[in-house]
Amino acid sequence: MADESENRIRVRFSTDRISADLVIAPGTDPDAVTEQEVLGVVLSRGIPDDDELRDRIAAAVAAYDSASTGAFEHLIAQGRRPQTGENGWFELEASLQEIRDRASRTGSTRRGQGVDTKRSSDQESIEEPSETVNHYDRSTLMVVRAEQMIGQLHPAKPGLNGVDALGETVPAKDGHECSLKLDEASLITDDSGRVSAAFPGLVVMDAHTLKITRALEIHHAVDFSTGHVNFRGDIDIRKGVCDMFRVTAGRSLRVGGTVEAADLCSGYDTTLERGMTGREKGSVRTGRDLHA
């Protein structure tokens, strides 16, 4: 009788065993579908006995309709799925993030220890100055002072274990630590995850690393893709400097291309590899020697 009952009344687990349904074959004699009979079948499958289980069995027995042509199904056990932990991540400080977004919009990209400010072949794609926004002042370089906050490192969070329909623990996956590598020589991270600059310099950030460099390399011209440049260390500009832009170096300044009617200032030496076409508007101020 028990074998026959188990064939007509059975338990079906979900693929992950988080839930279990009571399944009664169509046409099963309602006299055979009792709470005690169903409880015996359910317990034989390892589902733990408690008040909630008995309430669900009672509801299933009351809802069973022997006249139905299809199999009767009713949820009798429900566990809890595991929740995967959150991965750690780095949040760039808001003002620096704004600069980084601006650099992305103007086509600037960072490579190695320098700043690659590629100029589009279509010059109209570069924002021109307007009456409401001074694009000369809209720098795309993340220059910081010593101890300035760079961002917040958010730690990974552990997962929350689940429970299956049998009452057994379902292990959860913990979140992974932040994949961004922070340079320990140039960055300071406190116990709260606050990241600050160990010394003044340029923030260099890509998908894998974050660091501060003491020297600034601009691989193309100083123009609307960079804005004015003000940096406490050495500046090496591979191309030229366009009209009306200001470049201020705390240490030495080198410009590989032609300097137009721009304003240059350095604390140490200034080297202009291809000279300057100032047109009586540009200026050069240097703390020590000028080579042009």
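**Salt bridges, strands and two helices**

In this predicted model, the side chains of E86 and K157 come together in a salt bridge, with 3.9 Å from N to O. E86 sits in the loop between β3 (72-78) and β4 (89-92), while K157 sits in the loop between β8 (149-154) and β9 (162-163), so the bridge ties together parts of the chain that are 71 residues apart in sequence. As for surface exposure, E86 is partly exposed, at 46% relative accessible area, and K157 is partly exposed too, at 47%.

That pair has company: the count of salt bridges comes to 15. One of them joins D269 to R288, where the closest N and O atoms are 3.3 Å apart. Here again the pair links distant parts of the chain, with D269 in the loop between β21 (263-266) and β22 (270-272) and R288 in the loop between β23 (283-286) and β24 (290-291), 19 residues apart. Another salt bridge runs between R238 and D236, with 3.6 Å between the closest N and O atoms. R238 is partly exposed, at 36% relative accessibility. These two residues don't stand alone, either: E217, D236, R238, R254 and E273 are linked in a network of salt bridges.

Next come the strands. An open sheet is built from 4 strands in the order β7-β14-β15-β11, and its pairing is mixed. At the edges stand β7 (143-144) and β11 (181-182), each with a single partner strand, so one side of each is left without a neighbour in the sheet. For β7, pairing with β14 (residues 201-205) is antiparallel and takes 2 bridges. Within this pairing, V143 has L202 of β14 as its bridge partner. As a reminder, strands of a sheet pair through backbone hydrogen bonds, and they can do so in parallel or antiparallel fashion.

Parallel pairing turns up around strand β19 (residues 246-249). Strand β17 (residues 229-231) runs parallel to β19, and 3 bridges join the two. N230 stands opposite T248 of β19. β19 also pairs with β21, again in the parallel sense, over 4 bridges. In that pairing, R246 has D263 of β21 as its bridge partner. What about the two faces of β19? V247 and A249 make up the covered face, whereas R246 and T248 make up the uncovered one. This fits a general pattern, because side chains in a regular strand alternate between the two faces of the sheet.

The helices have their own story. In helix α2 (residues 35-44), the buried residues are V38, L39, V41 and V42. Looking down the axis of α2, these buried residues fall within an arc of 165°, so they line one face of the helix. Just after α2, G46 takes a positive phi of about 95°.

Helix α4 (residues 94-105) is home to R102. R102 counts as buried because its relative accessible area is 10%, and the cut-off for buried is under 20%. Setting aside neighbours within four places in sequence, R102 is in contact with R138, S139 and T140. R102 and T226 are 124 residues apart in sequence, yet their C-alpha atoms are 9.6 Å apart in space.

Methods:
Residues are numbered from 1 along each chain as its sequence is written. This is a predicted model: local features need pLDDT of at least 70, side-chain atom pairs count only at pLDDT 80 or more; totals for chains, interfaces and linings use all residues. Side-chain values use heavy atoms; hydrogens and water are left out. Buried means under 20% relative accessible area, exposed over 50%, partly exposed in between (1.4 Å probe, protein chains only). The arc is that of the directions from the helix axis to the C-beta atoms. Contact means heavy atoms within 4.5 Å. Two strands pair if DSSP finds at least two bridges between them. A salt bridge is a side-chain nitrogen of Lys or Arg within 4 Å of a carboxyl oxygen of Asp or Glu.
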